Amino acid sequence: MARPRKDADVACARQRIVDAFWQLLQDRPAHEIVVGAVADAAHCNRGTFYYYFPDMEALATSAIREELFADDRLPLVVSGILAGDDIKALMRSLSPRRVRRIIVAMRSGDVRMVELVVRQAVHDRWRERLCAPDEELAPASLFAIQFMVGGLLGFFSYMLNVDDTAVPLDADARAYLEQVAHATVQAVAGAQGMTVAEVKARLCGSAA
């Protein structure tokens, strides 16, 4: 694909396209968004779109991955919840924009994509923190982690706020998540041959 014309090929052209995708996603499902609509909203031509993305699926995948994992914050929050840290404090550490965009992506029909990238990121983090470089998580650990991630994401999806500003976590929900998190850490600790305290310290501490 040839480079787009000079007036469109500015540093922010790609970001305008990504932002246009999120803008359109607020009022229509992802499968209804077409290249022309994105180009119009981004104030660029179709050639500029195709210079950066081969199709809408590539744009959606890139936009969601970049929003969820522009830094280590979301995997850290999910890992912290799984490890039994302060849920309210962890959720507050996510920017309102990120929470809104996660919710918008889930509502638009991209729940599966969000789930897949979160599962992989959390798996990678736990493996990095709990295993030697050439080792993999024990099967029992992997099952416990993935089961809890699925439940946590299902909870987020079910409890979406109407105003898209936050995921509500009332006292009963937090108490339940804390109980399941404790059981998850116990299962992982047993499978990895560690103590519960060691697992939590490795997960919630700074990277070595």
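Helix H2, which spans residues 35–42, is a good place to start in this predicted model. Six of its eight residues are buried, so the helix is largely enclosed by the rest of the structure. The buried ones are Val35, Gly36, Ala37, Val38, Ala39 and Ala42. Just after H2 comes histidine 43, and if you look at its backbone you will find a positive phi, near 60 degrees.

What does H2 pack against? One partner is helix H1, residues 13–25, whose axis comes within 8 Å of that of H2 and crosses it at roughly 115 degrees. Angles from 65 to 115 degrees count as roughly perpendicular, and H1 and H2 are therefore described that way. Their crossing is right-handed. On the H1 side, the contact is made by Arg16, Ile17, Ala20 and Leu24, while H2 contributes Ala37, Val38, Ala41 and Ala42. Sorted by character, these residues come to seven nonpolar, no polar and one charged. Notice that Ala37, Val38 and Ala42 of H2 take part in this contact and are also on the list of buried residues.

Between H1 and H2 runs a loop, and alanine 30 lies in it. Is this alanine buried or exposed? Its relative accessibility is 18%, and since buried means under 20%, alanine 30 counts as buried. You can also trace from here to a later part of the chain: methionine 56 is 26 residues away in sequence, and the two C-alpha atoms are separated by 8.8 Å.

Let us step back to the whole protein for a moment. The secondary structure comes to ten helices and zero strands, so to follow the chain from the N terminus is to pass through one α element after another. Of the 208 residues, 46% are buried. Among contacts with a separation of 6 or more, 68% are between residues 24 or more positions apart. The protein exposes about 10,700 Å², and carbon and sulfur atoms supply 54% of that area.

Now move along to helix H7, residues 96–130, where histidine 123 is found. With a relative accessible area of 9%, histidine 123 is buried. Which residues does it touch, leaving aside neighbours within four places in sequence? They are Glu136, Leu137, Leu142 and Gln146. For the last of these, glutamine 146, the C-alpha to C-alpha distance from histidine 123 is 7.7 Å, across 23 residues of sequence.

Helix H8, residues 139–158, holds another buried residue, serine 141. Its relative accessibility is 0%, which is why serine 141 counts as buried. Again setting aside neighbours within four places in sequence, serine 141 is in contact with Val188, Ala191 and Gln192.

Those contacts lead us to helix H9, residues 171–192, and on to helix H10, residues 196–204. H9 and H10 pack at an angle of about 105 degrees, with their axes 8 Å apart. That angle makes H9 roughly perpendicular to H10. From H9, the contact draws on Val185, Gln186, Val188 and Ala189, and from H10 on Val196, Val199 and Lys200. These residues divide into five nonpolar, one polar and one charged. Val188 is worth a second look: this residue of H9 takes part in the contact with H10, and it also touches serine 141.

Definitions and conventions. Residues are numbered from 1 along each chain as its sequence is written. This is a predicted model: local features need pLDDT of at least 70, side-chain atom pairs count only at pLDDT 80 or more; totals for chains, interfaces and linings use all residues. Side-chain values use heavy atoms; hydrogens and water are left out. Helices (H or I, at least four residues) and strands (E, at least two) are DSSP runs, numbered from the N terminus. Buried means under 20% relative accessible area, exposed over 50%, partly exposed in between (1.4 Å probe, protein chains only). Contact means heavy atoms within 4.5 Å. Accessible areas come from the Shrake-Rupley method with a 1.4 Å probe; for residues, only the protein chains shown count as cover. Axes are lines fitted to C-alpha atoms, for helices over the stretch in contact, and angles run from 0 to 180 degrees between N-to-C directions. Angles under 35 degrees count as roughly parallel, over 145 as roughly antiparallel, 65 to 115 as roughly perpendicular and the rest as oblique. Ala, Val, Leu, Ile, Met, Phe, Trp, Tyr, Cys and Pro count as nonpolar, Asp, Glu, Lys and Arg as charged, and the others, Gly among them, as polar. A crossing is left-handed if the near helix is turned anticlockwise from the far one by less than a right angle, and right-handed if clockwise.
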